[in-house]
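User: I would like to go through the labels attached to this model and hear how each one follows from its value. Please set every value against the cut-off that decides it.

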Amino acid sequence: RVDFQITAVYYRWNEAGSVAFCKEFDRHTLDTHVEGDWTWSSHGYGYGFDDPGNWALGSYRVDTFFAGEVIAIYYFEIY
């Protein structure tokens, strides 16, 4: 068995005059594992709210980290 973590860091785009920048607003870590004889695995984690309207309108980015390295970046919009 190998235990490891996957971390998602969420950013929101902010406008400051003529400069746009991302500001971290939250992060979550998933503690998971693989067994020694597995040939593949899939790991999922969701982030949201039961009721609508809790996300501020705007542009977002989420970076996914494994072993301290970015393995995925995703951009999304709340409108």
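User: Why is F76 called partly exposed?

Analyst: In this predicted model, F76 has a relative accessible area of 21%. Buried would require under 20% and exposed over 50%, so F76, at 21%, falls in between and counts as partly exposed.

User: How many aromatic pairs are there, and what makes the one between Y10 and F25 tilted?

Analyst: The search of the whole structure gives 9 aromatic pairs. For Y10 and F25, the ring centres are 6.2 Å apart and the planes make an angle of 55 degrees. Since a pair needs centres within 6.5 Å, and since stacked means under 30 degrees and edge-to-face over 60, the distance makes this a pair and the angle of 55 degrees makes it tilted.

User: Which parts of the chain does that pair tie together, and how accessible are Y10 and F25?

Analyst: Y10 belongs to strand β1 (residues 2-16) and F25 to strand β2 (residues 19-34), so the pair ties together parts that are 15 residues apart in sequence. Y10 has a relative accessible area of 9% and is therefore buried, the limit being under 20%, whereas F25, at 36%, is partly exposed.

User: Why is the pair of W55 and F76 given as edge-to-face?

Analyst: Here the planes of the two rings stand at 80 degrees, with the centres 5.7 Å apart. The distance is within the 6.5 Å allowed and the angle is over 60 degrees, so the pair of W55 and F76 counts as edge-to-face. W55 lies in the loop between β2 and β3, and F76 in strand β4 (residues 69-78), so this pair ties together parts that are 21 residues apart in sequence. Ring pairs link W55 and F76 into a cluster that also holds Y10, F25, Y60 and Y74.

User: How do you know that R1 and D3 form a salt bridge, and are these residues buried or exposed?

Analyst: The closest N and O atoms of R1 and D3 are 2.9 Å apart, and the limit is 4 Å, so the contact qualifies as a salt bridge. R1 is exposed at 61% relative accessible area, and D3 is exposed at 52%, since over 50% is what the label asks for.

User: How many salt bridges does the search find, and what can be said of those at R27 and D63?

Analyst: The search of the whole structure finds 3 salt bridges. R27 reaches E24 with closest N and O atoms 2.8 Å apart, and D63 reaches R61 with the corresponding atoms 2.9 Å apart. R27 is partly exposed at 44%, as is E24 at 35%, whereas D63 and R61 are both buried.

User: What makes the contact between R61 and Y11 a charge over a ring?

Analyst: The charged end of R61 sits over the ring of Y11, 4.3 Å from the ring centre, and the distance limit is 6 Å, with an angle to the ring normal that must be within 35 degrees. Y11 is in strand β1, and its relative accessible area of 15% means that Y11 is buried. The C-alpha atoms of Y11 and C22 are 5.6 Å apart in space, while the two residues are 11 apart in sequence.

User: Which residues and elements line the largest pocket, and how does its lining divide?

Analyst: The largest pocket holds about 260 Å³ of space. It is lined by 16 residues, and the closest to its centre are A8, Y10, Y45, V62 and T64. The elements that each give two or more residues are β1, β2, β3 and β4, and β1 gives the most, with 4 residues. By residue class, the lining has 10 nonpolar, 6 polar and no charged residues.

User: Why is the phi of A67 worth a remark?

Analyst: A67 has a positive phi of about 55 degrees although it is not a glycine. Most residues other than glycine have a negative phi. A67 lies in the loop between β3 and β4, and, with a relative accessible area of 64%, A67 is exposed, because this is over 50%.

User: Why does F65 count as partly exposed, and how far is it from Y75?

Analyst: F65, which is found in strand β3, has 23% relative accessibility, and since this is neither under 20% nor over 50%, F65 counts as partly exposed. The C-alpha atoms of F65 and Y75 are separated by 15 Å, the residues being 10 apart along the chain.

Definitions and conventions: Residues are numbered from 1 along each chain as its sequence is written. This is a predicted model: local features need pLDDT of at least 70, side-chain atom pairs count only at pLDDT 80 or more; totals for chains, interfaces and linings use all residues. Side-chain values use heavy atoms; hydrogens and water are left out. A salt bridge is a side-chain nitrogen of Lys or Arg within 4 Å of a carboxyl oxygen of Asp or Glu. Buried means under 20% relative accessible area, exposed over 50%, partly exposed in between (1.4 Å probe, protein chains only). Rings of Phe, Tyr and Trp (its six-membered ring) pair if their centres lie within 6.5 Å; planes under 30 degrees apart count as stacked, over 60 as edge-to-face and the rest as tilted. On a 1 Å grid over the protein atoms alone, a cavity is a set of points where a 1.4 Å probe fits but cannot get out, and a pocket is an open set with protein on both sides within 12 Å along at least five of seven lines; lining residues have an atom within 4 Å of a point. Grid points are joined across faces, edges and corners, and a volume is the space filled by probe spheres set on the points. Ala, Val, Leu, Ile, Met, Phe, Trp, Tyr, Cys and Pro count as nonpolar, Asp, Glu, Lys and Arg as charged, and the others, Gly among them, as polar.
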